[in-house]
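User: I am new to this structure and would be grateful for a close look at a single part of it. Please set that part within the chain to which it belongs.

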Amino acid sequence: MPLYEHVFLARQDLSQAQVDALAQTATEIVEAGKGKVTKTETWGLRSLAYKIAKNRKAHFVLLNIDAPAGVVAELERQTAISEDVIRFMTVRVDELEGGPSVMMRKQDRERTRRREREGE
């Protein structure tokens, strides 16, 4: 089956539990279509480069998906309908990245640098 990375941005005024519920809903849509979500990463509340629908920040979530194209089309349709999602993007990839994504590794590097500065 084809492999996809699906990233969506949820409104800034949602709680983390609501964002997790959105990710769970997306997972259920994929699994209902005989696909599977291999990884779900929540990147947290991050600042946007510009305002989107009056939001300066958004909750970022990444899903790695192994599913047929029809399932991904349904996921995108449901995501577009949701009022809590302000942007989304799905990209077909040749292989899914193992381990943490680049965004998660970046956050780990920043934490390490901060600890080093505080220790000096």
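Analyst: The model is predicted. To begin with its charges, the chain carries 20 positive and 19 negative ones, and the mean positions of these two groups are 6 Å apart. The accessible surface of the chain amounts to about 7,600 Å², and carbon and sulfur atoms contribute 49% of that area. Along the principal axes, the C-alpha atoms occupy a box of roughly 55 × 35 × 25 Å.

The chain contains three helices and four strands. Followed along the sequence, these elements appear in the pattern β-α-β-β-α-β-α. Among the contacts in the chain with a separation of 6 or more, 76% join residues that are 24 or more positions apart. The chain has 120 residues, and 38% of them count as buried.

The single part chosen for the close look is Thr-27. This residue belongs to helix α1, which comprises residues 16–32. Is Thr-27 buried or exposed? Its relative accessibility is 11%, and the limit for a buried residue is under 20%; Thr-27 therefore counts as buried.

Which residues does Thr-27 touch, once those up to four places away in sequence are left aside? They are Val-37, Thr-40 and Leu-63. Thr-27 is thus described by its place in helix α1, by its buried state and by its contacts with Val-37, Thr-40 and Leu-63.

Methods: Residues numbered from 1 in each chain as written. Predicted model: local features only at pLDDT ≥ 70, side-chain atom pairs only at ≥ 80, totals over all residues. Heavy atoms only, no water. Helix = DSSP H or I, 4+ residues; strand = E, 2+ residues; numbered from the N terminus. Buried < 20%, exposed > 50% of the residue type's maximum accessible area, 1.4 Å probe, protein only. Contact = heavy atoms within 4.5 Å. Areas by Shrake-Rupley, 256 points an atom, 1.4 Å probe, with all protein chains shown as cover. Lys, Arg positive; Asp, Glu negative; His and termini not counted. Charge placed at Lys NZ, Arg CZ, Asp CG, Glu CD.
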